[in-house]
Structure formats: structure tokens, C-alpha cells
Amino acid sequence: MSTNRYAPKITSKQLMLLIVSSRVAVMTIFLPAIGTHSNAKDAWMSAILSGLIGLLLTWMVVSLARFHPNRTLVQLCISLLGKWLGSLLVVIFLWFFLHVTIITVRQFAEILNTALMPETPVSFFIVFVIVAVIFSVYRGLEAITRSNTITLPISLASILLILILVRKDIHTEAILPMLEDGWMPVIMGSVVPLAWHGEIILILMLYPYVSDKEHVLKSSLFAVLINTIVLLLISIAVIGVFGSDEALHLTLPFFSLVRMISVANFFERIEAMMVAVWISLLLTKMCIYLYAGVIGMGQWLHLRSYKFLIIPMSVLSLILSYVSFDSISDIKHFLSPTYWGVYALTISTILPMLLLIATIFLKRKRS
């Protein structure tokens, strides 16, 4: 099945910005403290380690996409493994896209509830954002990418401004000594960021729609590099200001950092800036993952149009995001190395690796 029924066109640069947006969104919520149980001093080293492995994962995913340039992840699974085994993997990947959407919807609702309107029911924010997501996905991939091209640079500039404003409060001795407890805290601290890097499998759903495919690898690697630098700077800032012990117990570490900013007792209370960044980044992340799930479902079922799937899948995301978690603490507990780390890395890393091995084996066998 070709992709001509769903034929938007984006550039490798726009794809790169989508990757950056979806990663930075979660980095500024719970990371770097989440998953770092025993020694947060080495969180900055975990950021570097996850980034290096993330580059390798990106190369693997783009290599798989290059073997199947005109097929999405759904289509290549069926083509490579046959109807039954391929469909099993398709269901797993489609659920993963939906699950990421569910988690992101609840994160969006919880942080607005926590940061802005604690008296407002979480369900109100969930319904509000689902309506926005439905409208955006109906507009299509090109509209989502164009919007992200405008909002992401503003979001990154806001994060950079925040880091500049808190630089005087950063005590670099808080991240020393290095490797005080050995490499295990570094490795454990890298699991969750690496799991989010693994969401790079989104490339496999969008690669057929990229007009300049020859630049995708370079752009994707650059996106991972940007994400790694952002996480590294956030890790140093949070640990340097709060110290390793306090940082581990903060619900929203970076938001707590923003609330401390005060310049000459005049420029302060700028947490609304951070909330605006969260809204733009998380909305983009929800839209692109729901879009990938809807498109994948349409291709799997051989439908002529995917748009009538948008509302049912959005409503399903709404319901599951409401019933899956009780609070922001539940989300933070789930996004740990033991749960999210193992689950996400299995789907986003091991399964694509097996697909790449199967592709290479069949190519050699046929040749």
C-alpha cells in the first residue's frame, strides 16, 4: 500500500524541529531528577550518556527508514513480516503512539492545574486540550509542522533566558564530586531520558512524507544534539541551585527554578512564561503522536481517509488519560526506569532493531 492517500509534504528541517519539540517538552517537566534515585549529582553525566546512545538509536532508525523510503512503520511491518506477525507489531506501535498521547494529555492537564489553577478540575483541562488537538490534527501534518516552526524557537529562547537569569544562583560544586557512587547512578539516571530519545521512531511514520530525504539523518542527529544540550544545561541548573537532595523531591524541578527568578525586585513571577512554553511544546507533541496513530490505523485498515478516526481516538485518549492516573505523582512514578524505561525502550529500541536486522537479512538473502 503506497502513501499517496496521505501525502502531505514536510522538510527534514521541519522533522528535526518536531523531534526537538517532543523531547524538550518532557525534559522541562520532570527531568533531570526523575529516575535518579541515589545521586542526582551525576544527572548531567546521565544527560550526556543518554544523548550519545540516542545518536546511535537515531542512526539505526533512519537506516531502517532508508531501506523502506516509501513505507511508514505500519506498512514496512506488514511488508517485512507478513500479515499476522506484522499486524501484531503494528498493534504494539499504534498503542505506543496512543499511550504517549495519553500521558502527554494528562501531563498537560496536571501542570496547568498545579501551576495556574489548582481549584479547577483536571477534567476541564483534559477536555480543553483534546478539543485543541482534534482541531490541529484535522488541519493535517503540514499545519502542525508550520505551527511548530514558529513556536519552538520562541520556546527555546524562553528556556535559554530562564537559564541565563538563574546562572548567578548556580553553585557548580553541587555537581561534584563526579562518580561518587560509581557508574550505576549515571546509568540508571540515563534510562528515562534515553527512553524519551527512543521516541525517535516517530521518524518511521513521517519519513515517506519528507521531501529531502537525503538530509534526514543529519537533521535528526542535530535534533538529538540540541536535546542533549538542553537537558545538560537544565540538569546543571537544577542541581546547581537546589542541590542533589532537594532536587530529587521536587515535583516540577524546572518550574521551581523559574519561580525563584527575581531581577532587581522588578522582573519576577515569570512562571507564566514557562507555562506558555509547556502549552506550545506539549500541544505539538500530542498532535504529532495522535496524528501518527491515526495515520497508522488508517493504513493498517486500508482506509481511504483517516479523518473520521480522529474524534474516536481523541475521545479514547481523553478517557484513558483521566482514568490512568490519579495525580501528577502517579505520572512521575510511572515515568521511572523500572516502568517507563523498560516499556518504552523495548518498543522504541529493541523492536526497530529487530526490524532492521530482519531487513538486512532479507536483502542479503534476495541478493
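Student: Leaving aside its neighbours within four places in sequence, with which residues is Ser336 in contact?
Tutor: In this predicted model, Ser336 has its place in the loop between helix H13 (328-334) and helix H14 (337-366). When the neighbours within four places in sequence are left aside, the residues in contact with Ser336 are Val192 and Gly341.

Student: Does Ser336 count as buried or exposed, and at what relative accessibility?
Tutor: Buried means under 20% relative accessible area, and this is the cut-off that the value for Ser336 has to be held against. Because the relative accessibility of Ser336 is 9%, the residue counts as buried.

Student: Which residues are joined into one network by salt bridges that share partners?
Tutor: Glu199 forms a salt bridge with Arg23, and the closest N and O atoms of this pair are 2.8 Å apart. That pair links distant parts of the chain, with Glu199 in the loop between helix H7 (184-197) and helix H8 (202-206) and Arg23 in helix H1 (residues 12-27). The side chain of Glu199 also meets that of Lys285 in a salt bridge, at 2.7 Å from N to O. The network made by salt bridges that share partners consists of Arg23, Glu199 and Lys285.

Student: How many residues apart are Lys285 and Glu199, whose side chains meet in a salt bridge?
Tutor: The side chains of Lys285 and Glu199 meet in a salt bridge. This pair links distant parts of the chain, since Lys285 lies in helix H11 (residues 271-300) whereas Glu199 lies in the loop between H7 and H8, and their separation is 86 residues.

Student: In which helix do Arg106 and Glu110 both lie?
Tutor: The side chains of Arg106 and Glu110 meet in a salt bridge, with 2.9 Å from N to O. Arg106 is buried, with a relative accessible area of 3%, and Glu110 counts as buried at 5% relative accessibility. The two residues are four residues apart, about one turn of the helix, and both lie in helix H4 (residues 83-115).

Student: Which helix gives the largest share of the nonpolar patch?
Tutor: The nonpolar patch on the surface is formed by Tyr138, Ile311, Val315, Ile319, Tyr322 and Val323, which together have about 530 Å² of accessible area. Five residues make up the largest share of the patch, and they come from helix H12 (residues 310-324).

Student: Why does Val315 count as partly exposed?
Tutor: Val315 lies in helix H12 and is one of the residues that form the nonpolar patch. Partly exposed covers values between the buried limit of under 20% and the exposed limit of over 50%, so Val315 counts as partly exposed because its relative accessibility is 38%.

Key: Residues are numbered from 1 along each chain as its sequence is written. This is a predicted model: local features need pLDDT of at least 70, side-chain atom pairs count only at pLDDT 80 or more; totals for chains, interfaces and linings use all residues. Side-chain values use heavy atoms; hydrogens and water are left out. Patches are made of residues with over 30% relative accessible area and no salt bridge: like charges are joined within 9 Å, nonpolar side chains (Val, Leu, Ile, Met, Phe, Trp, Tyr) within 5 Å. Accessible areas come from the Shrake-Rupley method with a 1.4 Å probe; for residues, only the protein chains shown count as cover. A salt bridge is a side-chain nitrogen of Lys or Arg within 4 Å of a carboxyl oxygen of Asp or Glu. Buried means under 20% relative accessible area, exposed over 50%, partly exposed in between (1.4 Å probe, protein chains only). Contact means heavy atoms within 4.5 Å.
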